Amino acid sequence: MTYTETVEWMFQQLPMYQQVGNKAYKVDLSNIHKLIAQLGNPHHNFKTIHVAGTNGKGSVSHMLASVLQESNCKVGLYTSPHLKDFRERIRINGEVISQEAVIDFIHHNKAFLDAESLSFFEMTVGMAFEYFSNEKVDIAVIEVGLGGRLDSTNIISPEVSVITNIGFDHVNILGDTLEKIAAEKGGIIKQGTPVVIGEYHENTFPVFKRLAEANKAPFYLAEDFSGKPFLSDLKGHYQQKNIRTVSMALEVLKGLGWELTEEAVEKGLKNVIYNTGLRGRWEVLQEEPKVICDTAHNKEGLVYAMKQLQEEAFEDLHLIIGVVNDKDLDAVLPLFPKNAKYYFSRPNVPRGLDAGELQKKAAENDLFGGLYNSVPEAYKAALQAASVKDVIYVGGSTFTVAEII
């Protein structure tokens, strides 16, 4: 198969959470253990860092990778979902996996993948780990896909585990209380492995502390970091918390013998986008009118994004919004500004929420605007309507952002 045919087979043949929702979620790790054994346990051949959390885990993963690159390490980076091309999920020193490597992995393992009915995410994890092993990376930063305890990435023995924060997302899978969600994400805490918690919360902190104690895992809270505050090229206000989490994780790595100079940390955090290719985090696409896109999609993330948006200087504000159908609209819509013109559209994925339904629900929250057949059409309309002194924001979902960058 060609690269396009290979990726289409992966998407269509097997369930993918981003596309179909919770029926793609597996209730145990038996499949990934079968696959990784079939591949010869490639994850044993390199060091890892494991990153979980509701918000910020992608940014934290890219920041850690960037600093490690500046420290002269060969660094694998596994993240999800992708924005434009599947290969964004698997990188080494910022370079995406080659099309040939994707094709070869599926070609050589297709019979096994078919026979075992492996999920999209399971095969992707296997592909990443084999690629990192073949390319002899020194260390790989591995972002959890969903949850933690039952996530396919949870077969590694990392140098350090990081849990950024806990919020109400994927409650139909992870649980309907912060404590339940924390227990799922805390499932990445391993015996004797240091764990860094990004944010203190009275409901979740005791859960993490209990899991760490049960596993005799050294326990660190990012808010206790007292070293030099660093800046980053990631400009969202919410990145300040992520920088502190990364700084604490780097301190832990130094304690384990990793050589990470202050210069490497400073340079790494200032060059995350250049070093790792990260996009869609408070990204300014153009000026006059200023266009900002951000992948924040749940209450905890949108609180920060909407606050920062209101701090922008503008005559009029235009918001292009599209969401997926399991989004808790009652929680997120009240966060959006009422002093704006809205452009409602449906992200081009099976889980995309009908734009008319979104428009109706938005109107109940005094958010008004037009209906558009696609995200690009909504974006085009906003660009035509906006003056040079206006601001256009694109968001509500990773998939909405993906269609315009």
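**Exercise 1. Which residues do ring pairs link into a cluster? Classify the pair of Phe46 and Phe129 as well.**

Solution. The model is predicted.
- Step 1. The cluster joined by ring pairs consists of Phe46, Phe129, Tyr131 and Phe132.
- Step 2. Take Phe46 and Phe129. Their ring centres are 6.1 Å apart, and 70 degrees lie between the planes.
- Step 3. Planes over 60 degrees apart count as edge-to-face. The pair of Phe46 and Phe129 is therefore edge-to-face.
- Step 4. Place the partners. Phe46 sits in the loop between H3 and strand S1 (47-52), and Phe129 in helix H6. The two are 83 residues apart, so the pair links distant parts of the chain.
- Step 5. Check burial, for which the cut-off is under 20% relative accessible area. Phe46 has 9% and is buried. Phe129 has 0% and is buried too.

**Exercise 2. Classify the pair of Phe11 and Phe120, and state what it ties together.**

Solution.
- Step 1. The structure holds 12 aromatic pairs. In the pair of Phe11 and Phe120, the ring centres are 5.2 Å apart and the planes stand at 40 degrees.
- Step 2. That angle makes the pair tilted.
- Step 3. Phe11 belongs to helix H1 and Phe120 to helix H6, so the pair ties together parts 109 residues apart in sequence.
- Step 4. Compare exposure. Phe11 is partly exposed, at 25% relative accessible area. Phe120 is buried, at 1%.

**Exercise 3. Find the buried residues of helix H3 and say where around the axis they lie.**

Solution.
- Step 1. H3 covers residues 30-38, and its buried residues are Asn31, Ile32, Leu35 and Ile36.
- Step 2. These four span an arc of only 125 degrees around the axis, so they lie on the same side of H3.
- Step 3. Look for the packing partners. The buried residues of H3 pack against helix H5 (99-116) and helix H6 (120-134).
- Step 4. Go past the helix end. Gly40 follows H3 and has a positive phi, near 85 degrees.

**Exercise 4. Describe the largest nonpolar core, then trace the contacts of Met127.**

Solution.
- Step 1. The core has 36 residues; Met10, Met127, Phe129 and Phe132 touch the most other members.
- Step 2. List the suppliers. Helix H1 (3-13), H3, strand S3 (90-92), H5, H6 and strand S5 (139-143) each give at least two residues.
- Step 3. H6 contributes the most, with nine residues.
- Step 4. Set aside neighbours within four places in sequence. Met127 then contacts Met10, Phe86, Ile90, Ile97, Val102, Phe105 and Ile106.
- Step 5. Add the other core. A second, separate core has 33 residues, including Ile49, Ile139, Leu234 and Leu250.

**Exercise 5. How compact is the chain?**

Solution.
- Step 1. Count the elements: there are 17 helices and 14 strands.
- Step 2. The radius of gyration is 21 Å, and the globule rule gives 22 Å for 405 residues. The values are close, so the chain is as compact as a globular protein of that length.
- Step 3. Along the principal axes, the C-alpha trace spans about 55 × 50 × 40 Å.
- Step 4. Of the 405 residues, 58% are buried.
- Step 5. Turn to contacts with a separation of 6 or more. Residues 24 or more positions apart account for 76% of these.
- Step 6. Consider the surface. The chain exposes about 16,800 Å², and carbon and sulfur atoms supply 48% of that area.

**Exercise 6. Locate Glu8 and give its exposure and its distance from Leu231.**

Solution.
- Step 1. Glu8 is in helix H1.
- Step 2. At 39% relative accessible area, Glu8 is partly exposed.
- Step 3. Glu8 and Leu231 lie 223 residues apart in sequence, and their C-alpha atoms are 40 Å apart in space.

Methods
Residues are numbered from 1 along each chain as its sequence is written. This is a predicted model: local features need pLDDT of at least 70, side-chain atom pairs count only at pLDDT 80 or more; totals for chains, interfaces and linings use all residues. Side-chain values use heavy atoms; hydrogens and water are left out. Buried means under 20% relative accessible area, exposed over 50%, partly exposed in between (1.4 Å probe, protein chains only). The arc is that of the directions from the helix axis to the C-beta atoms. Contact means heavy atoms within 4.5 Å. A nonpolar core is a set of buried Ala, Val, Leu, Ile, Met, Phe, Trp, Tyr and Cys residues joined through side-chain atoms within 4.5 Å. The radius of gyration is taken over C-alpha atoms; the globule rule is 2.2 Å times the number of residues to the power 0.38. Accessible areas come from the Shrake-Rupley method with a 1.4 Å probe; for residues, only the protein chains shown count as cover. Rings of Phe, Tyr and Trp (its six-membered ring) pair if their centres lie within 6.5 Å; planes under 30 degrees apart count as stacked, over 60 as edge-to-face and the rest as tilted.
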